[in-house]
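Visitor: Hi! Could you walk me through this one? I'm new to reading structures.
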Amino acid sequence: MLDPRQARALAQLMSDTTEQVLWQGWQQAGGYHLTRLTCRPGRGRATYHRHDPGAHHHEIVYGTHMVADKADPGHCAGWLSTREIRQRGYWQGEVSMLNLLAHTCCHEFAHLQQSLTGVRRRGQVHTPRFYQLLDDLHQCGAADTVRDTLFELARARQLPLSATPHTLPAEPRERLAAYAPGDAVLFGQAPDVRTGQVIRVNRKTCTVMGTGRHRGLRFRVPPGLLWHQEAG
Ligand SMILES: [Zn+2]
C-alpha cells in the first residue's frame, strides 16, 4: 500500500512528466506558444483539466487519493482509466499501477488538446473526438514514452510504481468499496453516459444524484456501470 507521502510524490512525477514529455513534445511539434500549462498534485481524488480562456492558462490536477486508488487492485476498477485500458486495448489491455498512472496523464492531456483544438460542450467531454485524441497519444508512441519516463523517475526516487498486472475484483460488494459519498462519477452505458455525484453506497449499488442534464434525479447504479471520472 502507498502512504500519503508516496502518493503525493507520484502525483508530482505525473505532473512533471505531463509537462516535460507531453506538453513540451506538443510545443515542439508546432503547438500553442502563448498557452501556459501548470500541472500539480491535488489533495483528494479529484483529477481534472481546467482552463482560463482569457488568460490562456491551463491546469491539470492529479489527485493523490486517485494515485492511491490505482495502486490498489480493489479500488482501481472504479476508475475510467481502467475501463479505457481494457476496452480500448491500450498496452494489450493490461491494467497495472504503472499503466494506469501513465494512461491518466494521457487522458488529462487529451482533454487539454480537446479544449485547444475544438469545441466542447459542457458536460459532454468523453466524445468520439476525445477518444480519437487519446488513441493518437497511444498510437504515436507518446503514451509509451510517458510510461517509460514515469517508471525511470519512480525508480530513481525509490517510489513504488509496479508494472505487475492487477487482479480486479469480481464481486459488486468488493468493487463498491472504491466509492464514497461526494465522489464525482460517470455512469450508464455509451452513448448515454451521465455525470453525477455519489450520495450513498448501498449493498449492491450506489445511489447517485445526477448532475448536468440529469441534475436533481437520483439513480441506483451497479458498480459495473459506474466510474470515477477523470474530468475535462
Ligand atoms: Zn476525462
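Visitor: How many Å separate the centres of domain 1 and domain 2?

Guide: The two centres, taken over C-alpha atoms, are 22 Å apart. Domain 1 covers 4-156 and domain 2 covers 172-228, with bounds that come from an automatic or database domain assignment. This is a predicted model, where local features need pLDDT of at least 70 and side-chain atom pairs count only at pLDDT 80 or more, while totals for chains, interfaces and linings use all residues. Residues are numbered from 1 along each chain as its sequence is written, and side-chain values use heavy atoms, with hydrogens and water left out.

Visitor: Okay, and how much area do domain 1 and domain 2 bury between them?

Guide: About 970 Å², with 55% of it on carbon and sulfur atoms. Buried area is the accessible area (1.4 Å probe) that two parts lose on being put together, summed over both.

Visitor: Which three residues supply the most on the domain 1 side?

Guide: R45, G78 and R83 do, supplying 45% of the area that domain 1 buries against domain 2.

Visitor: What salt bridges does the rule find across that interface?

Guide: There is one. It pairs the side chains of D183 and R45, at 3.3 Å from N to O. The rule asks for a side-chain nitrogen of Lys or Arg within 4 Å of a carboxyl oxygen of Asp or Glu.

Visitor: Why would side chains pair like that?

Guide: Side chains of opposite charge can pair when their charged atoms come close.

Visitor: And how many salt bridges are there in the whole structure?

Guide: A search of the whole structure finds six. Among them is R40 with E59, whose closest N and O atoms are 2.9 Å apart. That pair links distant parts of the chain, 19 residues apart: R40 sits in strand β1 (residues 36-42) and E59 in strand β3 (residues 57-63).

Visitor: New topic: how many helices and strands does the protein chain have?

Guide: Eight helices and eight strands. These are DSSP runs numbered from the N terminus: helices are H or I with at least four residues, and strands are E with at least two.

Visitor: Last one: what is the radius of gyration of the protein chain, and what would a compact globule have?

Guide: The protein chain has 17 Å, which agrees with the value near 17 Å for a compact globule of 232 residues. The radius is taken over C-alpha atoms, and the globule rule is 2.2 Å times the number of residues to the power 0.38. Along the principal axes, the C-alpha atoms fill a box of roughly 50 × 40 × 30 Å.
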